[in-house]
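Visitor: I am new to reading structures, and I would like a close look at one chain and at how its parts are laid out. Could you take me through it slowly?

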Amino acid sequence: MQVFLQTVIGGASLGAIYALVALGFSLVYRTMGLVNFSHGNVVMIGAYIASTFYLSAKLPFALAMLIALAVTGAIGIIIERVLRPLENKDFDLMLIGTIGFGIVLEALAIRIWGATGRAVPSPVPAPPLDLFGLRIRTYDLLVLGIAAAASLLLIVFLQRTKRGAAMQAVAMDHEAATAVGIHVGRSNAIAFMFGAALAALAGGLVGPLLYVSPSMGGTLGIKGFAAAILGGFGSVPGAIVGGLAIGVLDSFATGHFQGYSELVTFLVFTVLIMIRPLGIFGERTVNRA
Amino acid sequence: MRYRIGGLAALAMAAWYLPYQLDSYLIHVANVIILFALLAIGLGLTMGVAGQINLAQVAFFGVAAYATAILTTRAGLGFWTAGLVSLLIAMAIGLLVGTPALRMQSHYLGIVTLGLALAFTNWVTNSQIAGGAEGITAIPAPAFPGVDLSNEYFFYYLELIVFALTMAFALFVVRTPLGRRMRAMRDDSLAAGAVGVEVPMLRMTAFLLGSIYGGIAGVLYAGLIRYVAPETFSIANMFLLLAMVIIGGRQSLVGCVVGAIVLMLLREALIDYPTYAQVAYGSVVVLIVVFAPAGLAGIPRQAVRLARRLGLGPAGAARTPRLGPFQPYPSAGAAEAVDAEKPMLELDGITMNFRGLIALRDVSMTVDPGEIRGIVGPNGSGKTTLFNVVSGLYRPSAGRVTLSGVTVTAARPYRLAQAGVARTFQNLRLFPALTVRENVLVALDRTRVWSSWRYAVWQLGVWRHERTLRDEADEVLARFGLSDFADVTPGALPYGTQRRVEIARAMARRPRLLLLDEPAAGLNGEEVRQLSEIVRSIRASGVTVVVIEHNMALVMSLCDRVTVFASGQIIADGAPTEVARAPQVIEAYLGDSAMSEDVPQTATAEGTR
């Protein structure tokens, strides 16, 4: 039981990261029906920028994060602007276009920061808490807290603000949204910007948990995407639940299968998604003939 | 044609004499390029031709390479035996990776295949038997009597021959029934199912084809490099492969090969600056996707189109293509008329429930053989839902569908198509990237997907089958007056002509029951008259027709019986004149009398037109 709970707790903080990555995927997907395969690489760029300003420029961690958010937000806007001609036309082509962006971002990261990674010390020096014999790292709590706050803010934005409502409208029917005077392009750009900012948040937070390297984007992106699909693609609560599920699954796979954890994680994911292709909170859309 | 053969001969000569110009390093590069070209063909078949996003092609490659390595070094098998077994293993893995395609498509499939590819690299980096991160060295060179294949120059010729054969095979597949069906499925899997294409089987076939090419490349890789390690089969190389296919043009196999050659040469030229090479090919992928979606292979056509727009190049064809008259079917004799004992179509208590929204409520009706049945009703009354249930797109929540006495409730669309149900769609679902002739050809082909085994052993049979199909297609096109449009894609045709193409496609299946969903929508008066002539002739040939239509004049003159729907229920059924007088019909169409002053005058005109 002790080991079980410890494994769950160990998975939760990475799970929160996956949830943030999944939220970014979902936000972009629900607004413009696009899967951004470069999302993982944006996470990586965010991690590098945050760690650079934190380590080299000796800025406070929070400030470094804000800079990372701003820079990746700009990257998101650029990606959206370049791919805009394809919006609502060819889904597969856009998907491949974002893979192209991912390739470029990774190469740029290697150019700027080198191919080897770096370790980032935890910004919270406090010792781990001891709760009924379970060790909980204070930084993990910080990660969980920030992830929860970000999800809440996102939900409030989507449901309570005019801009958020406009984005929901675009998601449901972009033509009808245009007809009532919503600027679809701008709405999509904002979705992309927020998606990228969420990626940077995940990247900045994951720095002290993992090793920051140019190739981290691939794994984080794929697992975040898997989380989004598992929860139900496009659904905000789905992204959170899916992220935590993948994190815990990962933690168990590492505990029991060591090196083969990825193999196990992806096999389990494939089986789950075969059983329920729409995920936990997914909605079935009816084929219209 | 002569130019093409000449060009091909020149290309073959160049490839044959190429090694004389290359030093020992460059011949190695050439050998690796051919392997990537093989991989690109496989990915082009799965992704470009069949439309199945496959990000595990590099894993098929790896599975075969590793299997060859393990079988030769650990199990002591000879290279060729090991190679053959490895190819079979790769094919099995291909089928396994393809199974998710039965349940999901597009980005879902992308992430699942990518995850499985990652699982593969994860396995080889950790597994003892695969040599871990160091990989496996000292794979024996393939033995071949009289030729030393450890010499890269000789290996080049082995690869060249394999490449020529497999490329020819891939082109053959694309141009014959199997490839055409895959392209149809890529363009519109729903419509493909409705014309009898076994979509699930075909998706698996697409992955199988991809894994065959990946497997062949993997075996050759093991024989060429004689060393395997995990990083060769990494996700980075998967994306490189994807870039090759996109840049070259995924729907053209020649384009895929050109893309592979171009990118590999680029990588070679920038070998000292790998990150710049990566930036370059990433940016090219983005640019291609935005500006030339058909890739390098599509650029000539784009250039021609541009030239034409600027007024350059040859003027249009001398004779404008014209829609010919419909030539009626020979009417079936009494003997050929279907067994009149059993109703052609019988619906018994069909209910269709979409999460609480009841689109059809306990609908029962029978359609007799040789009848033309009209189905009318206000928008949203469940007419198209009914068609979707009958043609297998929806599985009804309750009730039974029988076809000439055989229960077919919730059968897959392709099964129903094989059982003799054909349909058209309200919003037209032609295969946009196929020509009109190919649209008809897909429907004409009544063979099953499993009969594709003939591609492996009896290509001549496939070719003969293809020739018969083409003759039949010309017949169908001539009958519907579409011969002039045989070689254009449907998107370029006027709307009315597209509607006729769809009917021709449905009739190419030689159905027993034809479902027409608003065939007159958007047609002008003359076209409606032609339509009614076509439908009558179709009935006279022994086919039962059910038609959903809003054009009341057409319904009244054409149909033997009319069934009226409102809010998912049948409110009237009978001869057209009776039904038009029934008070409940008038109410459903025009609202009840209390509401009537709110109904604008035009609605009345619409109803009785």
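Guide: What follows is a walk through chain B, from the whole chain to its helices and then to its side facing chain A. This is a predicted model, in which local features need pLDDT of at least 70, side-chain atom pairs count only at pLDDT 80 or more, and totals for chains, interfaces and linings use all residues. Residues are numbered from 1 along each chain as its sequence is written, while chains are lettered from A and ligands numbered from 1 in the order in which they are written.

Chain B has 24 helices and 12 strands, where helices (H or I, at least four residues) and strands (E, at least two) are DSSP runs, numbered from the N terminus. Along the principal axes, the C-alpha atoms of chain B fill a box of roughly 90 × 60 × 50 Å. Of the 609 residues in chain B, 46% are buried, a residue being buried if 20 or more other C-beta atoms, placed from the backbone, lie within 10 Å of its own, exposed if 12 or fewer, and partly exposed in between.

Helix 1 of chain B (residues 2-17) is hardly covered, with a count of zero buried residues among its 16. By contrast, 19 of the 26 residues of helix 2 of chain B are buried, so helix 2 is largely enclosed by the rest of the structure. At 1.5 Å a residue, helix 2 (residues 24-49) should span 38 Å, and its end C-alpha atoms are 36 Å apart, which agrees; the expected span is 1.5 Å times one less than the number of residues. Helix 2 of chain B bends by about 30° at B:Leu43, the bend being the angle between axes fitted to the seven residues ending there and the seven starting there. Just after helix 2 of chain B, B:Gly51 takes a positive phi of about 70°.

Turning to the neighbouring chain, 39 residues of chain B are in contact with 41 residues of chain A, contact meaning that the C-beta atoms of two residues, placed from the backbone, lie within 7 Å. Helix 5 of chain B gives the largest share of this side of chain B, 14 residues. By class, the side of chain B that touches chain A divides into 26 nonpolar, 12 polar and one charged residues, where Ala, Val, Leu, Ile, Met, Phe, Trp, Tyr, Cys and Pro count as nonpolar, Asp, Glu, Lys and Arg as charged, and the others, Gly among them, as polar.
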